Amino acid sequence: MCGIAGIWNFRAEETLDRVLTRIDQMNHSLRHRGPDAEGRWIDAPAGIALGHRRLAIVELSAAGAQPMHSASGHYVIVFNGEIYNYREMRCELGSAHSAGFRGNSDTEVLLAAIEKWGVQATLERINGMFAFALWDRRRRRMTLARDRLGEKPLYYTLTHRECVFGSELKSIVAQQSVPSRLNQQALVDYLHSGYIAAPHTIWEGVRKLPPGCLMEIPLEPTTEPVPLRYWDLRQVATMGIAARRARSVEEIDSEFAHLFEDSVRLRNHADVPIGSFLSGGIDSTATVAALAVASPTPIRTYTVGFTNDLFDERTEARRVAQYLGTRHEDFVIEVGRFFELLPQLPTIYDEPFADPSQIPSTLVCASARQHVTVCFSGDGGDELFGGYTRYQTHPKLWNFIRLLRLSMGGKAPAILQQMARLVPSGFDGPARSSLKNFAPGFDSAAAALGRIGKLSAARDPVELYRLMMAWWLHPETVLCPEISKPPTDQYSALSTLAGGADFLSLADQMLYLPENNLTKMDRAGMHSGLEVRIPLLDHRLVEFSWQLAAHDKFRPGSSKIPLRRYLATRLPPEVLARPKRGFAVPIALWLRTDLKDWAFSLLFDPNVPGREYFQRQTLEKLWSEHQTGRLDHANELWSAITYFNWAVNGRPSAPK
């Protein structure tokens, strides 16, 4: 795991000293991603400079250092990530290719594979998480590539003069290459979704390479190169659905166990200490159970507890660890550290990013890094096997909204919002109980009714999903007229490929997983120099999940069925019955208590950068209603607050 950076000045116009200064600035900005070593390679006549910060995981000697040259000298690469099947690939390459290897790194195998098979054929063979830049010295071309699901990030900017790329946006900002113009559409999309989806970033002219893509950049391109998909999740879903057939429970369980345990086996290799997060929930417990099969010695497991009972999962985790015989440790974090971390988040995540679970995730990774360099995570189970509550609530809510629209017509949203404002404060008994099926997680009947009112604007199931996922349903209503515009429609292209539950899975895997959850995990881990491995996101498991009918993955009252059955023969029933908890940060409450003054200052201080983009009156109305405790505007307020936090603590000065 590492940080990569590079500059290709097409006409080699810059002096060597200037190029050295720029690549050193980029490397320095990524030192948290690679605390063990630094490397750079410069070909001044070609205008190329490549930089690398190393987190040594496999082949700890200098034989694994980067930038790395292929044996023939044809290619130079900077690589971030891990190729889990590199040992198998090395055998496949044969003795003629491996005889000249200098060491045992996966990067060296990658270069040899590219020389033998070419870039695309090699990418199709790789099982791993990665982002890399490959310089072809003979053809004078740069190739950028990113892993299938988007576990590792890659940013780039391309002008008529040069291409600049890096593992994080800060690496491009560090050497003043980023344009000073805010991407206004990205701001709208951020307020709506809580993240900025690839290929866009918060800055005009800077892009993210989408997951599963490679992009070849020729010398002085006359038009912007188009990323090419070497692995297309939409095609995987379409082919998987078409190939579905009736399967017995035994067949499903056997294939899942084989793929899952092989995924864990491949990832259970490093020359540094390995551990696993253990929350006691289904996904992390299954991961630890599979690790116990793969490891000849007891594995290390880690749980972080918090002084707030809402987050503390130590009791459940200890019970699982005892059953599985792990070397278990847990440690406690004061909730006050959550608040201390808030001003640092913009520099960790580089862009506005709303998910409040980034706070405990960052703290958990920092704690684990005190003990291990690699940690397994159970991420991905919810997206592959229907673990989120929306898989249960979406069909019920859509039927309810259809009834509302039949009775109220297009006025349903306005009527329900007004009803929410009129609900008496003590009216939380039967009303709250009946509403919780459609708006789980809200503290009062008024708040739940208000939420349903917002969602009742949906005209079809796809739009309902979009509204359920939104932080701000209509961000154009809070932005000034000069930049007010609707958010980008990210979902319509997916709706033609799958309907109902399949659409939810596809949308989650293509958008929410890479843009929210994997962004969060990459930045949280790499901030502390911790490599996080996610076995449930092995592409073979993803492809297998699409071959299963929805009812084989989840059904009313039950989710992640293959994972639960995998554990059924390995753990007692009481562990499987444990309710899902996760890092459900109580932002709605904190905005009325611990974070009230901090949030108010960011929202309404006239000196905060970016204030001119927002309509103060709209923010004041939402703030006032939220403070009463009867209506919940936490999503809208938090997305704005997180933007202002970035504008104050993370937004760089204009480039010189």
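**Exercise 1. Pairing of strand β14**

Task: In this predicted model, determine in which sense β13 and strand β14 pair, and over how many bridges.

Solution. Step 1: Strand β14 covers residues 300-306. Its pairing with β13 runs in the parallel sense, over three bridges. Step 2: A residue pair can be placed within this contact, for F277 has Y302 in β14 as its bridge partner. Step 3: β13 also pairs with strand β16 (residues 374-376), again in the parallel sense and over three bridges. There, C375 in β16 is the bridge partner of G275. Step 4: Turn to the side chains of β13, which spans residues 274-277. I274 and S276 point one way, whereas G275 and F277 point the other way. Are these residues buried or exposed? All of them are buried.

**Exercise 2. An antiparallel sheet**

Task: State the order of the six strands in the open sheet that contains β11, and identify the edge strands.

Solution. Step 1: The order is β4-β5-β6-β7-β11-β12, with antiparallel pairing. Step 2: The edges are β4 (68-69) and β12 (228-229), each of which pairs on one side only. Step 3: For the contact at the β12 edge, β11 (residues 213-217) pairs with β12 over two bridges in the antiparallel sense. Step 4: Within it, R229 in β12 is the residue opposite C213. In general, such pairing of strands is made through backbone hydrogen bonds.

**Exercise 3. Cysteines**

Task: Establish how many disulfides the model contains, and explain why C2 forms none.

Solution. Step 1: The criterion is a pair of cysteine sulfur atoms within 2.5 Å. Step 2: For C2, the closest cysteine sulfur belongs to C365 and lies 17 Å away, which is too far for a bond. Step 3: C213, the residue met in β11, is in no disulfide either; its nearest cysteine sulfur, that of C163, is 15 Å away. Step 4: The count is therefore zero disulfides under the 2.5 Å criterion. Step 5: Consider the surroundings of the two residues. With the limit for burial set at under 20% relative accessible area, C2 counts as buried at 5%, and C213 counts as buried at 2%.

**Exercise 4. The two sides of helix α16**

Task: Decide where the buried residues of α16 lie around the helix axis, and name elements that cover them.

Solution. Step 1: Helix α16 comprises residues 390-408, and its buried residues are R390, Y391, T393, H394, L397, W398, I401 and L404. Step 2: Viewed down the axis of α16, the buried residues fall within an arc of 135°, and so they line one face of the helix. An α-helix has 3.6 residues a turn, so residues three or four places apart point the same way. Step 3: The face turned away from the buried side carries the exposed residues L403, L406 and S407. Step 4: The cover over the buried residues includes α15 (381-385), α17 (412-422), α19 (445-455), α20 (461-469) and α22 (501-526). Step 5: After α16 comes G409, with a positive phi near 70°.

**Exercise 5. The chain as a whole**

Task: Assess how compact the chain is for its length.

Solution. Step 1: The chain holds 30 helices and 17 strands. Step 2: Its radius of gyration is 25 Å, close to the 26 Å given by the globule rule for 656 residues, so the chain is as compact as a globular protein of that length. Step 3: The C-alpha atoms fill a box of roughly 75 × 60 × 50 Å along the principal axes. Step 4: Of the 656 residues, 60% are buried. Step 5: The chain exposes about 24700 Å², of which carbon and sulfur atoms supply 52%.

Technical notes
Residues numbered from 1 in each chain as written. Predicted model: local features only at pLDDT ≥ 70, side-chain atom pairs only at ≥ 80, totals over all residues. Heavy atoms only, no water. Buried < 20%, exposed > 50% of the residue type's maximum accessible area, 1.4 Å probe, protein only. Pairing = 2+ DSSP bridges. Helix = DSSP H or I, 4+ residues; strand = E, 2+ residues; numbered from the N terminus. Rg over C-alpha atoms; globule rule 2.2 N^0.38 Å. Areas by Shrake-Rupley, 256 points an atom, 1.4 Å probe, with all protein chains shown as cover. Arc of directions from axis to C-beta. Contact = heavy atoms within 4.5 Å.
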